[in-house]
Amino acid sequence: TGGHFYPGYALGLKLVERGHDVVFIIKKGNSSAAHILKEKDLFYHEIDFEAMPRSINPIRWFSFCKKFIKSCFYLRGLIKSYKPVACVGMGGYISFPLVFCAHFMGVKTAIHDSNSRLGFSNKISGLFVDKLLLGLPLDKNPKKSILVGTPIRSEFAQGASAAEEGYWEMTTNFGINILIFGGSQGAKRLNLAAAEVALKLTKKSRLINFLHISGKRDYEMLKEIYQDAPQIELIEYAHDIYALMKTAQVIIARSGASSIAEIVALQKPSILVPLPTAANNHQYFNAKILTDNGCALMVEDNKDLVSKLEKTLISLLKDSKTLESIQDNLRISPIPDPLEAADICASQVEHLAQK
């Protein structure tokens, strides 16, 4: 997903900037990641792997084992060919075969977990890797771990250009701009709830503009819903989401770790709606780190989502003191600066390689 790819992409660019050769391993069929890497002339290889089944279905287990063995043989060949000094997994099941093979071939390994709860793959990898890099503080930090933050792209550090400001000209040229997104995979329940709220508020006021990133799956559905809503702009996907986030006054989003990092970096007031089915409920705990420190508001995704989201957004827009307080708290949040995280991670990887 984007939450795993972009931190690795940011770290890779930083290592290239420091004069190192970097090779990316991505999931076969991840066309968006492949396109981005091609644009930057970065080397990459694809592996055909899948998540470990959470059921006892023998067919799925056979497919998983077959792809795991095949991926390991392929990665073994790449490691022998490239002779890397370090291999880094950025979380998610796609990372596991790489750090597994690298470790047993004597290569130094590290994994990065952006969330406040370790993912299943990283829990297992954490038993044998040389270093565990954390994006958010955990309740109890494991051995070999260091809190480094979640790397984000350097574009988030730059001021908004005139062209980026122009994104909102697609709606109106005045008022408050609210950005809605659910992550790279989209989020149907959030999309529908946010759409209902956006339609209600734009009918009441011409001073509110919405820009909604739907994800590919829900684009056509929302296009039909928004067909008579001139103050709402709908787009399917935005690689340059930093341009949209920088020029929004309020963000409504899921609480994936990369979204959290980007919101912290830009110090944007946000309403976070954790995905209730996320593994170990990690999105809730991601959001809680911000809400406990007065850095965001949270609305839980349940049967009252629409009414609570509407009430929270209206309350926030009417209360300039809360908006200012959130921005002030974001400046002193307990999360390491995401704009410095790529540098810190790169230094950790270099130190590991020197060993």
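Modeller: Start with one definition. A residue is buried under 20% relative accessible area, exposed over 50%, and partly exposed in between. Keep in mind that this is a predicted model.

Colleague: How do I apply that to Q267: what does its relative accessibility make it?

Modeller: Place the percentage between the cut-offs. Q267 has 26% relative accessibility, so it counts as partly exposed. Its place in the chain is the loop between α10 and β11 (270–272).

Colleague: What is notable about the phi of Q267?

Modeller: Look at the sign, then at the residue type. Phi of Q267 is near 55°, which is positive, and Q267 is not a glycine.

Colleague: Which sign does phi have at K83?

Modeller: Positive, at about 50°, and K83 is not a glycine either. K83 sits in the loop between α3 (58–82) and β3 (86–89). Its relative accessible area is 64%, so K83 is exposed.

Colleague: Now a charged residue. Is E262 buried or exposed?

Modeller: E262 is buried. For a buried charge, look for a partner next. A salt bridge needs a side-chain nitrogen of Lys or Arg within 4 Å of a carboxyl oxygen of Asp or Glu. E262 has no salt bridge. R153 is the nearest side chain of opposite charge, at 4.5 Å.

Colleague: Where is E262, and in which helix?

Modeller: E262 belongs to helix α10, residues 257–266.

Colleague: Which residues does E262 touch, leaving out those up to four places away in sequence?

Modeller: Four names: I152, F156, I241 and M245.

Colleague: On to the surface. Which residues make the nonpolar patch?

Modeller: V23, F43 and Y82 make it, and the patch covers about 300 Å². Members of a patch need over 30% relative accessible area. V23 has 31%, so it is partly exposed. V23 is in strand β1, residues 23–27.

Colleague: Let me step back. How many helices and strands does the protein chain have?

Modeller: Count 14 helices and 12 strands.

Colleague: Why does the radius of gyration agree with a compact globule?

Modeller: Compare the value with the one expected for the chain length. A compact globule of 355 residues would have a radius near 20 Å, and the protein chain has 21 Å, so the two agree. The C-alpha atoms fill a box of roughly 65 × 45 × 40 Å along the principal axes.

Colleague: What share of the residues is buried?

Modeller: Buried residues make up 50% of the 355. Now take contacts with a separation of 6 or more: 61% of them join residues 24 or more positions apart.

Colleague: What supplies the exposed area?

Modeller: The protein chain exposes about 17,300 Å², and carbon and sulfur atoms supply 54% of that.

Key
Residues are numbered from 1 along each chain as its sequence is written. This is a predicted model: local features need pLDDT of at least 70, side-chain atom pairs count only at pLDDT 80 or more; totals for chains, interfaces and linings use all residues. Side-chain values use heavy atoms; hydrogens and water are left out. Helices (H or I, at least four residues) and strands (E, at least two) are DSSP runs, numbered from the N terminus. Buried means under 20% relative accessible area, exposed over 50%, partly exposed in between (1.4 Å probe, protein chains only). Lys and Arg count as positive and Asp and Glu as negative; His and the chain ends are not counted. Contact means heavy atoms within 4.5 Å. Patches are made of residues with over 30% relative accessible area and no salt bridge: like charges are joined within 9 Å, nonpolar side chains (Val, Leu, Ile, Met, Phe, Trp, Tyr) within 5 Å. Accessible areas come from the Shrake-Rupley method with a 1.4 Å probe; for residues, only the protein chains shown count as cover. The radius of gyration is taken over C-alpha atoms; the globule rule is 2.2 Å times the number of residues to the power 0.38.
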